[in-house]
There are 4 protein chains.
Amino acid sequence: MSNILKELDEILEARKLQDPSESYVASLYDKGLEKILKKVAEESVETVMAAKDIEHNGDKDHLVYEVADLWFHTMVLLASQGLSSDDVTNELQRRFGLSGHEEKANRNK
Amino acid sequence: MSNILKELDEILEARKLQDPSESYVASLYDKGLEKILKKVAEESVETVMAAKDIEHNGDKDHLVYEVADLWFHTMVLLASQGLSSDDVTNELQRRFGLSGHEEKANRNK
Amino acid sequence: MSNILKELDEILEARKLQDPSESYVASLYDKGLEKILKKVAEESVETVMAAKDIEHNGDKDHLVYEVADLWFHTMVLLASQGLSSDDVTNELQRRFGLSGHEEKANRNK
Amino acid sequence: MSNILKELDEILEARKLQDPSESYVASLYDKGLEKILKKVAEESVETVMAAKDIEHNGDKDHLVYEVADLWFHTMVLLASQGLSSDDVTNELQRRFGLSGHEEKANRNK
């Protein structure tokens, strides 16, 4: 995974300079906070429905797709507030006492 | 951020071996899919409320806290289905044509 | 209030015979259960946001508007499953030991 | 259905005088708006899950149960803001051009 979320943060930041008519993300920024929050809520319920479907059709790819949509739209929300995925992963790191340096440590071996 | 989500994936995987009475995550696995989905939905609406509050009190830390809660519970959901954050970041990488190798590239410099 | 919900039940039932291109409700039936459920979820979060706004702007009309949207879409959901608002109010009556005959009783006075 | 929702409005109003330790509704009022909104969101997702289950087990009673829970908690929300189900049904009446006088009309026959 490494830097995928960081790269996406940068893309979302760059979208702030684009025309709303030319970029889905720019159009979300332009429509404002409530529109972005409705998308977060919509992707949340699509995640719930995709997970329920696994009980019956075993299709886990659909759940991955919807969680990716949910994370993506929460990252749009973060970017719209001047925040990024770093803020979230730092909070998770703090909360769970994670090192965040596993790879670096491995490299030192 | 690097490997924080991967470390958390491992913690969530290890919780599968713990007693529900001794671990919050183990108790979620034990209560089953619908309980986990209710938590995802609950954290989603707490994210919405925290974002709305920013309009009035400017408290962005609360939003970060709730998005961390939301991501955490979606990771519990993924783990409960034998999936991980890697599946989600791979989907985002595929979707946005991200390299995922920025750090490796930097190391080669 | 009396029979407003019953009248609305009848309208929703009649929409089943209409062309999806000519009626919003018929188009929801045509798009299927997941589309209807997404609308229920969307109206739910709009209700949450409207309620949060009352804390700051005191606009209670907006909350009423969104709850009406939420009830309306749950009634579309019920109708799509061959159910109606009667089923819901009967459940509430059963649960709270309500008479449901207040008006009739008053008329007998 | 007639006056069931009005009776429930009155019950919810009366709960404002009760001790939070003795009444579930009084405890919701006491915990405040965010707690009530979390319940609305929770019942919304339970409605979604119950509807999804109908596709597989045909259990429509569960959906009725969850919609009743959802309407009930929206009525607690309305009551907490000095509103009632009347405000919602009046909005639906206005929106759909409903007479609301069907029963009265029938009585005149």
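User: What is the volume of the largest cavity, and what makes a space a cavity?

Analyst: The largest cavity has a volume of about 160 Å³. A cavity is a set of points, on a 1 Å grid over the protein atoms alone, where a 1.4 Å probe fits but cannot get out. The points are joined across faces, edges and corners, and the volume is the space filled by probe spheres set on them. This is a predicted model, in which local features need pLDDT of at least 70, side-chain atom pairs count only at pLDDT 80 or more, and totals for chains, interfaces and linings use all residues. Residues are numbered from 1 along each chain as its sequence is written, chains are lettered from A and ligands numbered from 1 in the order in which they are written, and side-chain values use heavy atoms, with hydrogens and water left out.

User: How many cavities of 30 Å³ or more are there, and which residues lie closest to the centre of the largest?

Analyst: There is one cavity of 30 Å³ or more. Its lining has 15 residues, and those closest to the centre are Ala41(A), Ser44(A), Ala41(B), Ser44(B) and Ala41(D); a lining residue has an atom within 4 Å of a point. Two or more lining residues come from each α3 (33-57), in chains A, B, C and D. Helices here are DSSP runs (H or I, at least four residues), numbered from the N terminus.

User: What makes a lining residue nonpolar, and how many are there of each class?

Analyst: Ala, Val, Leu, Ile, Met, Phe, Trp, Tyr, Cys and Pro count as nonpolar, Asp, Glu, Lys and Arg as charged, and the others, Gly among them, as polar. By that rule the lining of the largest cavity has 11 nonpolar, four polar and no charged residues.

User: What relates chain B to chain C?

Analyst: A rotation of 180 degrees, with 0.0 Å of shift along its axis, lays chain B on chain C with an RMSD of 0.0 Å. This is the relation of a two-fold axis. The fit is by least squares on the C-alpha atoms of residues with pLDDT of at least 70 in both copies.

User: How do you know which surface the copies B and C use to meet?

Analyst: In chain C, 100% of the interface residues of chain B are also interface residues, so the copies meet through the same surface. Seven residues of chain B contact seven of chain C, where contact means heavy atoms within 4.5 Å. Together these chains bury about 610 Å², 72% of it on carbon and sulfur atoms. Val48(B), Lys52(B) and His56(B) supply 64% of what chain B buries against chain C, more than any other three residues. Buried area is the accessible area (1.4 Å probe) lost when two parts are put together, summed over both.

User: Why is the pair Lys52(B) and Asp53(C) called a salt bridge?

Analyst: A salt bridge needs a side-chain nitrogen of Lys or Arg within 4 Å of a carboxyl oxygen of Asp or Glu. The closest N and O atoms of Lys52(B) and Asp53(C) are 2.8 Å apart, so the pair qualifies. Chains B and C have two salt bridges between them.

How values were computed. On a 1 Å grid over the protein atoms alone, a cavity is a set of points where a 1.4 Å probe fits but cannot get out, and a pocket is an open set with protein on both sides within 12 Å along at least five of seven lines; lining residues have an atom within 4 Å of a point.
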